[in-house]
Amino acid sequence: MSAPNPSPTFTAAAAYLSTSPSLAKVSTAIQLELYGLFKCVTVSTVPSTSRPSIFDMTGRAKWDAWSTAGKTHGSADDAEARYLEIARSLGWTEEFAEHQPIPEQELSDTDDIWDDDRHSSKAGGSSGGMGGAVSAIPPPIEETDESLHGFAVSNDLSGLSLLLEEQSEVDIDVLDEFGYTALHLACDRGHLHVVRVLLSKGANPTIKDPDGLSALDLAQIAGHEEIHEYLRSFSL
């Protein structure tokens, strides 16, 4: 099998995504897809290890994402094309290729930095519901966002409560620029108390995100069992 050979365009896109603030509102489902695509491009289209046990939910989800990406796209070139498509949807353009290269040895390393939990902690914070390094990119440093969606992402219960008190007319199910409701984001990030507040204010748990996933689906994918069970009981 030939060694992975990511294009300069791919390495530039990966560099951009490693610091892009837009990732703060990307669902775990998209992060997992990025992880799987990254592995297909930089390692192989077939996972190089056996599938983790059901007790390793994070590892199992990442392995499945890698396997699915390989089966869906078939080749590193096709996986790279999809990776770049997502990167463009998050604000990356080819112009970044001249300004944000990634050292070649980092991408060719079989123990790549994207899987290193220590690297994620250095980047600052959690990478979403799946825990450290679930995606192919370290989490960005999030800017303060005092919107409905911002409070849902940051787990700011007091800020959210104050917003809902002062703006009683706010649309609790309004979609952000990526097509997510605040409930989607809270379920994806694992913020149970925020989920409870949003549902108490009439948030609709059946709304689908751009990938066709409901809040219940996002909680399940991210491994937030308590939220998943709460949503199931809420819907009964």
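A residue counts as buried when its relative accessible area is under 20%. Leucine 192 has a relative accessible area of 10%, so this residue is buried. The model is predicted, and the values below are computed from it.

The chain has 12 helices and 0 strands. From the N terminus on, its elements run α-α-α-α-α-α-α-α-α-α-α-α. The chain has 236 residues, of which 49% count as buried. Among contacts with a separation of 6 or more, 70% join residues 24 or more positions apart.

Leucine 192 belongs to helix α10. Beyond its neighbours within four places in sequence, leucine 192 is in contact with Glu226, Ile227 and Tyr230. Histidine 228 stands 36 residues from leucine 192 in sequence. The C-alpha atoms of leucine 192 and histidine 228 are 9.5 Å apart.

Helix α12 spans residues 225–235, and its buried residues are Ile227, His228 and Leu231. These residues cover an arc of only 105° around the axis, so they sit on the same side of α12. The face turned away from this buried side carries Glu225 and Glu226, both exposed. Three helices pack against the buried residues of α12: α9 (182–189), α10 (192–200) and α11 (215–221).

Helix α9 is mostly covered, with 8 of its 8 residues buried. Its buried residues include the nonpolar side chains of Ala182, Leu183, Leu185, Ala186 and Cys187. The charged residues Asp188 and Arg189 are buried in α9 as well, as is His184. The cover over the buried residues of α9 includes α2 (28–42), α7 (148–154), α10, α11 and α12. Glycine 190 follows α9. The phi of glycine 190 is positive, near 90°.

Two loop positions were also examined. Asparagine 155 lies in the loop between α7 and α8 (157–166). Its phi is positive, about 60°, although asparagine 155 is not a glycine. With a relative accessible area of 38%, asparagine 155 is partly exposed.

Aspartate 211 occupies the loop between α10 and α11. Its relative accessibility is 39%, and aspartate 211 therefore counts as partly exposed. Leaving aside neighbours within four places in sequence, the contacts of aspartate 211 are with Ser27, Ile30 and Tyr180. Serine 27 is 184 residues away from aspartate 211 in sequence. In space, the two C-alpha atoms of aspartate 211 and serine 27 are 9.5 Å apart.

Another buried leucine is found in helix α4. Leucine 84 lies in this helix, which covers residues 76–89. The relative accessible area of leucine 84 is 8%, so leucine 84 is buried. Outside its neighbours within four places in sequence, leucine 84 is in contact with Thr9, Phe10, Ala13 and Trp92. Glutamate 94 is 10 residues from leucine 84 in sequence. The C-alpha atoms of leucine 84 and glutamate 94 are 9.6 Å apart.

The largest pocket holds about 390 Å³ of space. Its lining consists of 20 residues. Leu32, Ala61, Asp64, Ala65 and Ile221 lie nearest the centre of the pocket. The elements giving two or more residues to this lining are α2, α3 (57–73) and α11. Helix α3 supplies the largest share, 9 residues. By class, the lining of the largest pocket divides into 10 nonpolar, 5 polar and 5 charged residues. Residues of domain 1 (8–96) and domain 2 (148–235) both contribute to the lining, so the largest pocket lies between these domains.

How values were computed. Residues are numbered from 1 along each chain as its sequence is written. This is a predicted model: local features need pLDDT of at least 70, side-chain atom pairs count only at pLDDT 80 or more; totals for chains, interfaces and linings use all residues. Side-chain values use heavy atoms; hydrogens and water are left out. Buried means under 20% relative accessible area, exposed over 50%, partly exposed in between (1.4 Å probe, protein chains only). Helices (H or I, at least four residues) and strands (E, at least two) are DSSP runs, numbered from the N terminus. The arc is that of the directions from the helix axis to the C-beta atoms. Contact means heavy atoms within 4.5 Å. On a 1 Å grid over the protein atoms alone, a cavity is a set of points where a 1.4 Å probe fits but cannot get out, and a pocket is an open set with protein on both sides within 12 Å along at least five of seven lines; lining residues have an atom within 4 Å of a point. Grid points are joined across faces, edges and corners, and a volume is the space filled by probe spheres set on the points. Domain bounds come from an automatic or database domain assignment.
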